[in-house]
Amino acid sequence: MSKAEILIIDDEAQIRKLLQINLESNDYKVIQAGNGKEGLILSASHPPDLILLDIGLPDKNGHEVLKELRE
């Protein structure tokens with residue numbers, strides 16, 4: 001059985017790293033994006049099982065990213 005894949009979209013590297021460590025220790029595969037645009041590209045090229053999305057991103061509001069993910 002393959003590992004569930006989680007995409008973390010957050011502009012703060014320390015938060016991404018902390019989440020990655022915790023999730024990988026619980027046997028999840030983690031992909032990271034530092035902004036909304038990168039997150040949209042990653043989710044389109046390889047759809048994850050779950051996305052952890054920061055609302056306050058520097059390039060796009062998290063609500064905008066969510067809207068685009070749903071399209």
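Which side chains meet in a salt bridge at 2.6 Å, N to O? They are those of Lys-60 and Glu-68. A salt bridge here is a side-chain nitrogen of Lys or Arg within 4 Å of a carboxyl oxygen of Asp or Glu. Before we go on, please keep in mind that this is a predicted model, in which local features need pLDDT of at least 70 and side-chain atom pairs count only at pLDDT 80 or more, while totals for chains, interfaces and linings use all residues. Residues are numbered from 1 along each chain as its sequence is written, and side-chain values use heavy atoms, with hydrogens and water left out.

## The sheet

Let us start with the strands. Helices (H or I, at least four residues) and strands (E, at least two) are DSSP runs, numbered from the N terminus. In general, strands of a sheet pair through backbone hydrogen bonds, either parallel or antiparallel. Here, 3 strands make up an open sheet, ordered β2-β1-β3, with parallel pairing. Strands β2 and β3 are the edges, as each of them pairs on one side only. From one strand to the next, the twist averages 20 degrees. Two strands count as paired if DSSP finds at least two bridges between them; β1 and β2 have 5 bridges, in the parallel sense. One residue to look for along this pairing is Glu-5, whose bridge partner in β2 is Lys-29.

Helix α2 packs on this sheet and touches β1, β2 and β3, and its direction makes about 140 degrees with that of β2. For such angles, axes are lines fitted to C-alpha atoms (for helices over the stretch in contact), and the values run from 0 to 180 degrees between N-to-C directions.

## Helix α2 and its two sides

Which residues of α2 are buried? In this helix, which spans residues 36-45, they are Gly-36, Gly-39, Leu-40 and Ser-43. Seen down the axis of α2, these buried residues fall within an arc of 100 degrees, so they line one face of the helix. The arc is taken from the directions that run from the helix axis to the C-beta atoms. Buried means under 20% relative accessible area, exposed over 50%, and partly exposed in between (1.4 Å probe, protein chains only). As general background, an α-helix has 3.6 residues a turn, so residues three or four places apart point the same way.

The buried residues of α2 pack against β1 (5-9), β2 (29-33), β3 (50-53) and α3 (62-70), where contact means heavy atoms within 4.5 Å. On the other side of the helix, Lys-37, Ile-41 and Ser-45 are exposed. At the start of α2, Asn-35 has a side-chain oxygen within 3.2 Å of the backbone nitrogen of Lys-37.

## Glu-5 and Lys-29

Glu-5 is worth a visit in your viewer. This residue sits in strand β1 and is buried, with a relative accessible area of 6%. Lys-29, by contrast, counts as partly exposed at 43% relative accessibility. The two form a salt bridge, with their closest N and O atoms 3.4 Å apart. This pair links distant parts of the chain, since Glu-5 is in strand β1 and Lys-29 in strand β2, 24 residues apart. Leaving out residues up to four places away in sequence, Glu-5 touches Lys-29, Ile-31, His-46, Pro-48, Asp-49 and Leu-50.

## The salt bridges together

By the rule given above, the count comes to 3 salt bridges. Here they are side by side:

| Pair | N to O distance |
|---|---|
| Asp-27 and Lys-3 | 3.5 Å |
| Glu-5 and Lys-29 | 3.4 Å |
| Lys-60 and Glu-68 | 2.6 Å |

Asp-27 lies in the loop between α1 (13-25) and β2, and Lys-3 in the segment before β1, so their salt bridge ties together parts that are 24 residues apart in sequence. Asp-27 is partly exposed at 49% relative accessibility, and Lys-3 is partly exposed with a relative accessible area of 47%. In the pair that opened this report, Lys-60 is partly exposed at 22% and Glu-68 is partly exposed at 33%.

## Two residues of α1

Helix α1 holds Ala-13, which is partly exposed at 43% relative accessible area. Between the C-alpha atoms of Ala-13 and Asn-35 there are 11 Å in space, with their positions 22 residues apart in sequence counted as separation. Lys-17 also lies in helix α1 and is partly exposed at 45%. The C-alpha atoms of Lys-17 and Ile-31 are separated by 11 Å, and the two residues are 14 apart along the chain.

Definitions and conventions:
Polar contact = N/O pair within 3.5 Å; in protein donor to acceptor, adjacent residues only side chain to side chain.
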